[in-house]
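Hello,

Here is the structure I promised to pass on. Please open it alongside this message; my notes follow below.

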Amino acid sequence: MNKAQTFRLEVNPWNTAKCILILIMALHFGDYALNPRWHFLDGVNLLIHEAGHVLFRPFGEVGMIAGGSLFQVIIPAIFVGYFLIQHQFFSGALVFFWLGESLLNVSVYAADAQAMALPLLGGAHVIHDWNYLLNEWALLPVTPIVALLIQILGALCMMGGLGLGLWIAQPSIQLKPKV
């Protein structure tokens, strides 16, 4: 005679440490999204940006100039992809914040294409990447729109990181067989 198997309900509570980390990142990057300014990740982004110019040099002048901002976004995107493929979803969520921050950083640079007021590495005689690119693509008159689109994409990445992180940290309910 088969006995009916009984189950017990098991609730895994919120992962407090993950929630606190996501909250800190949300506050920090939310503040940054509303008031972009130089902060600790920008030094890393700057190194990656400059390396992008060198790596994209084989793709001609436009490729080399665009390569800085492209590489600055590609690197965090690669890390997001890596963590997601490895099923390390919380790490992927955290790096998604970096991707969003990097896009916001690029949006500030793009927004400066007409005024060219930002201090650039190398001084006054270096090319302003976004002025060159938007001029090359006949988009300089719509600089604010281009910058806004990049800023929106960055904010969406940050919100995606927040959502994924909170989803991972949320409580879960499972039915487990009683032993």
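**Ser 102 and its surroundings**

Ser 102 is buried, because its relative accessible area is 0% and the cut-off for buried is under 20%. Keep in mind that this is a predicted model. The residue belongs to helix H4. Its side chain has a partner: the side chain of Ser 102 reaches the backbone oxygen of Gln 72 at 2.8 Å. Which residues does Ser 102 touch, leaving aside those up to four places away in sequence? They are Asn 45, Gln 72, Val 73 and Pro 76. Gln 72 therefore turns up twice, as a residue touched by Ser 102 and as the owner of the backbone oxygen that the Ser 102 side chain reaches.

**H4 against H5**

Stay with helix H4, which spans residues 89-111. Helix H5 covers residues 129-136. A word on the description: two packed helices are described by the angle between their axes and the distance between the axes. Here the axes of H4 and H5 come within 7 Å. They cross at roughly 70 degrees. H4 and H5 are therefore roughly perpendicular to each other, as angles of 65 to 115 degrees count as such. The crossing of H4 and H5 is right-handed.

Which residues make the contact? From H4 come Val 106, Tyr 109 and Ala 110. From H5 come Asp 129, Trp 130 and Leu 134. By class, the contact of H4 with H5 has five nonpolar residues, one charged residue and no polar ones.

**Ile 20**

Next, a residue in helix H1, residues 16-34. Is Ile 20 buried, exposed or partly exposed? Ile 20 has a relative accessible area of 47%, so it is partly exposed; the exposed class needs over 50%. Ile 20 and Ala 169 are 149 residues apart along the chain. Their C-alpha atoms are separated by 9.9 Å.

**The chain overall**

Now the whole chain. It holds six helices and two strands. From the N terminus on, the order is β-α-α-α-α-α-α-β. The chain has 179 residues, and 36% of them count as buried. Ser 102 is one of the buried residues.

One last figure concerns contacts between residues at least 6 apart in sequence. Of these, 67% join residues at least 24 apart.

That is what I have for now.

Best wishes

Methods
Residues numbered from 1 in each chain as written. Predicted model: local features only at pLDDT ≥ 70, side-chain atom pairs only at ≥ 80, totals over all residues. Heavy atoms only, no water. Axes fitted to C-alpha atoms, helices over the stretch in contact; angles between N-to-C directions. Helix = DSSP H or I, 4+ residues; strand = E, 2+ residues; numbered from the N terminus. Parallel < 35°, antiparallel > 145°, perpendicular 65-115°, else oblique. Left-handed = near helix turned anticlockwise from the far one by under 90°. Contact = heavy atoms within 4.5 Å. Nonpolar A, V, L, I, M, F, W, Y, C, P; charged D, E, K, R; others polar. Buried < 20%, exposed > 50% of the residue type's maximum accessible area, 1.4 Å probe, protein only. Polar contact = N/O pair within 3.5 Å; in protein donor to acceptor, adjacent residues only side chain to side chain.
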